[in-house]
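Hi everyone, thanks for coming. Let's walk through a structure together, starting with one chain and then looking at how two copies fit with each other.

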Number of protein chains: 2
Amino acid sequence: MAGKLYGVGVGPGDPELITLKAKRILDEVDYIAIPKTASNKDSVALSIVQEILDKKKEVIELYFPMSYDEKVLKESWEKAAKSIIYRLDGEKNVAFITLGDPTVYSTYIYMHKLIKSKGYETEIIPGITSFCASSARAGISLGENRETIAIVPSAYECQNLDEILDSFDNVVMMKVSKNLQYIKNKLKDKELLHKAVLVSKCGFEGEEKIEFDLDETDGEKVSYFSTLIIKRNGV
Amino acid sequence: MAGKLYGVGVGPGDPELITLKAKRILDEVDYIAIPKTASNKDSVALSIVQEILDKKKEVIELYFPMSYDEKVLKESWEKAAKSIIYRLDGEKNVAFITLGDPTVYSTYIYMHKLIKSKGYETEIIPGITSFCASSARAGISLGENRETIAIVPSAYECQNLDEILDSFDNVVMMKVSKNLQYIKNKLKDKELLHKAVLVSKCGFEGEEKIEFDLDETDGEKVSYFSTLIIKRNGV
């Protein structure tokens, strides 16, 4: 019988924010699959679980280049899936670890679809999202009562960003580093700049930053792992 | 020195989906505060952590009636906060447990604001949201690549629901039981009915239901704990 593929969310950064189930699955599987952008880069997901992983656990490194080229991406997915399937065919179980939650903008989902479509058993273990952890650290709600929440992964390329900012009670913008200056100007125009909080490297010990005064934030010097939360009713 | 208040997300239902940190805090605190709608009702949050709680742990039951009356709600928050503060003043730590995540439509946040504003130390421990767990169980993504996600807590009362369904790649509707027939009709009109999945009682053993064919779903017989996920690009 072929092995099973698990997509395991390891949460946003704090190693204590993984679930009991994620920990159990990581303990039980034969292989841990680790996504990397290149062989000489570190895996953030791995750094989160490093301490709880059995040192003898076998690891598969998978490479997913940072690219917008559909062909490059698809080739990397096919190659990674092949590498996982090789272990599943050997009756081994594989846990693919992923930052945050596997269903929220994760590369895992492409593995999941490819491997599931070939008839293998798959299971997704949810994780704490960066936006839930960020609102927790900032001590604010993401949404109350009947308020709506919009999640925008790539603000610069979002065609209806104005409409969203004008009509939603709460807006989460993920990975805002590249276009923070553009967003700051937009928020200023809409009188939302002081209704926002920026959380960078949430849960990464000694590196986390929570900023309520975005006037002071240098848009050019913000971590890739930054989440902006805008609350129409104030933060 | 006064005690500290923790808002602890216990996740969507599966007791294994609480975090290592939530478990540690529940082990360490002096009191567990439990939200109930009435004294003769069970607490769902309590049922999730029951097995891991020390049987001798002291419990505070707090009552939050299901009401839209602002005055009734505020009175219940004030009364509950008073009950927590009494323990904090006695130098005891209190963990208020909450279904899902404390920042996502949770009553905890009102306790948090009230008690924090009086100068007490507070900390939010994030939890797995019902929508992340639901997408995981359905084996689909909540959002990929540059797709947007909208979260609507109360579809019937959402004034711009049409606009949201027309412009967002992914829409999550929480607690849809009351108005499922209305939503089904709307999705049919927009040719989205077969691009939706309904997850009820996600993670509740033996009670969970995952429905991809909403034509078959009786809108009148759906659990209160139901999440509808609509994906423009298909489920």
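So, let's begin with what is hidden. Of the 235 residues in chain A, 57% count as buried. Please keep in mind that this is a predicted model, so every value today is computed from it.

What about the surface? The accessible surface of chain A comes to about 10,700 Å², and carbon and sulfur atoms account for 46% of that.

Now the overall build. Chain A has 7 helices and 10 strands. Along the principal axes, its C-alpha atoms fill a box of roughly 60 × 40 × 35 Å. How does the radius of gyration fit a compact globule? For 235 residues, such a globule would have a value near 18 Å, and chain A has 19 Å, which agrees.

Next, how the chain meets itself. Take the contacts in chain A between residues at least 6 apart in sequence: 70% of them join residues at least 24 apart.

A quick word on charge. Chain A carries 32 positive and 37 negative charges, and the mean positions of the two sets are 4 Å apart.

Finally, the pair. Which movement superposes chain A on chain B? A rotation of 180 degrees, with 0.0 Å of shift along its axis, does so with an RMSD of 0.0 Å. That is the relation of a two-fold axis. If you look for the C-alpha of chain A nearest that axis, you will find Thr19(A), 1.9 Å from it. And the same surface serves both copies, as 100% of the contact residues of chain A recur in chain B.

Technical notes
Residues are numbered from 1 along each chain as its sequence is written. Chains are lettered from A and ligands numbered from 1 in the order in which they are written. This is a predicted model: local features need pLDDT of at least 70, side-chain atom pairs count only at pLDDT 80 or more; totals for chains, interfaces and linings use all residues. Side-chain values use heavy atoms; hydrogens and water are left out. Helices (H or I, at least four residues) and strands (E, at least two) are DSSP runs, numbered from the N terminus. The radius of gyration is taken over C-alpha atoms; the globule rule is 2.2 Å times the number of residues to the power 0.38. Buried means under 20% relative accessible area, exposed over 50%, partly exposed in between (1.4 Å probe, protein chains only). Contact means heavy atoms within 4.5 Å. Accessible areas come from the Shrake-Rupley method with a 1.4 Å probe; for residues, only the protein chains shown count as cover. Lys and Arg count as positive and Asp and Glu as negative; His and the chain ends are not counted. The place of a charge is taken as NZ of Lys, CZ of Arg, CG of Asp or CD of Glu. Copies are superposed by least squares on the C-alpha atoms of residues with pLDDT of at least 70 in both.
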